[in-house]
Amino acid sequence: MTIAPSSIAQMARPIDRLGDAALPLLARLTFAGVLLMYYWNSGLTKLGDGIFGIFSPSLGAYAQIFPKAMEAVGFDVSQLGVFHWAVVTAGTIAEFVLPLLIVIGLLTRLSALGMIGFIIMQSLTDLYGHGGLAHEGTLGAWFDRLPDALILDQRAFWVLCLLILVFKGAGALSVDRLLFKSAP
């Protein structure tokens, strides 16, 4: 007895529909469980004093994002320009806003793309700005039997989770679905 390819495709349709419904929700839940508080806590370390601390980032914010520039100016933020302030402020805001948008499922595809860009910049800063390339095991290598490298291994999974959202959208249980009825 042989099974026709069309029969196999027909049997797979319910699994495909379940995957289309479950994957975006599971990706958002995984992001929330693994990365939401990671990014919010990181954002909190960058806030300056007072109610408008987000617009006057802390010394640590500049040191985290521009470590070599800060070292070059003796950790005197006043010697850095508007560009540095804008990048640090935008990065700090992004650490709060993008994860929240992903978790609630609002503008999810765009937010996931923004987080992927953020992770790429974060990784480059870790490797070049903070000297991660000098520390053995930080970068890691794929296909090396070791699954715990901080950059290549961990962040590849982060990006994979976000790519699911880029390609599939937020899913049925999302603000996107409520606002844009035709959203996938």
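Ring pairs join Y38, Y39, F118 and W158 into a cluster. The model is predicted. Across the whole structure, a search returns five aromatic pairs. One of the pairs brings F66 together with F83. Its geometry is tilted, with 6.1 Å from centre to centre and 55° between the planes. F66 sits in the loop between α2 and α3 (67-72), whereas F83 belongs to helix α4 (residues 82-104), so the contact ties together parts that are 17 residues apart in sequence. The two rings differ in exposure. F66 has a relative accessible area of 17% and is therefore buried, the limit being under 20%. F83 has a relative accessible area of 57% and is therefore exposed, the limit being over 50%.

W158, a member of the ring cluster, is also one of the buried residues of helix α6. This helix covers residues 152-168, 17 residues in total. From its first C-alpha to its last it reaches 24 Å, close to the 24 Å expected at 1.5 Å a residue. The buried residues of α6 are D153, R155, W158, C161, L162, L165 and V166. An α-helix has 3.6 residues a turn, so residues three or four places apart point the same way. Just after α6, G169 adopts a positive phi of about 80°.

Salt bridges number two. In one of them, R155 pairs with D126, and the closest N and O atoms are 2.8 Å apart. The bridge links distant parts of the chain: R155 lies in helix α6 and D126 in helix α5 (residues 108-129), 29 residues apart. R155 counts as buried because its relative accessibility is 9%, under the 20% limit. D126, at 24% relative accessibility, counts as partly exposed. Helix α6 thus holds R155 both as a buried residue and as a partner in the bridge to α5.

The other bridge joins the side chains of E95 and K46, with an N to O distance of 3.0 Å. This pair also links distant parts of the chain. E95 is in helix α4, K46 is in the loop between α1 and α2, and 49 residues separate them. Both partners are buried: E95 has a relative accessibility of 3%, and K46 has one of 5%. Each value falls under the 20% limit, so the two side chains of this bridge count as buried.

The surface carries a nonpolar patch. I51, F52, F55, V82, W85, I93 and V97 make up this patch. Together they present about 740 Å² of accessible area. I51 is found in the loop between α1 (5-44) and α2 (59-65). With a relative accessible area of 77%, over the 50% limit, I51 is therefore exposed. K46, a partner in the bridge to E95, is likewise placed in the loop between α1 and α2. K46 is buried at 5% relative accessibility, whereas I51 is exposed at 77% relative accessible area.

Helix α1 also contains N41. At 41% relative accessibility, N41 counts as partly exposed. N41 and L106 lie 65 residues apart in sequence. In space, 21 Å separates the two residues, C-alpha to C-alpha.

Technical notes:
Residues numbered from 1 in each chain as written. Predicted model: local features only at pLDDT ≥ 70, side-chain atom pairs only at ≥ 80, totals over all residues. Heavy atoms only, no water. Helix = DSSP H or I, 4+ residues; strand = E, 2+ residues; numbered from the N terminus. Expected span 1.5 Å × (residues − 1). Buried < 20%, exposed > 50% of the residue type's maximum accessible area, 1.4 Å probe, protein only. Patch = residues over 30% accessible without salt bridge, like charges linked within 9 Å, V, L, I, M, F, W, Y side chains within 5 Å. Areas by Shrake-Rupley, 256 points an atom, 1.4 Å probe, with all protein chains shown as cover. Salt bridge = Lys/Arg side-chain N within 4 Å of Asp/Glu carboxyl O. Phe/Tyr/Trp six-rings, centres within 6.5 Å; stacked < 30°, edge-to-face > 60°.
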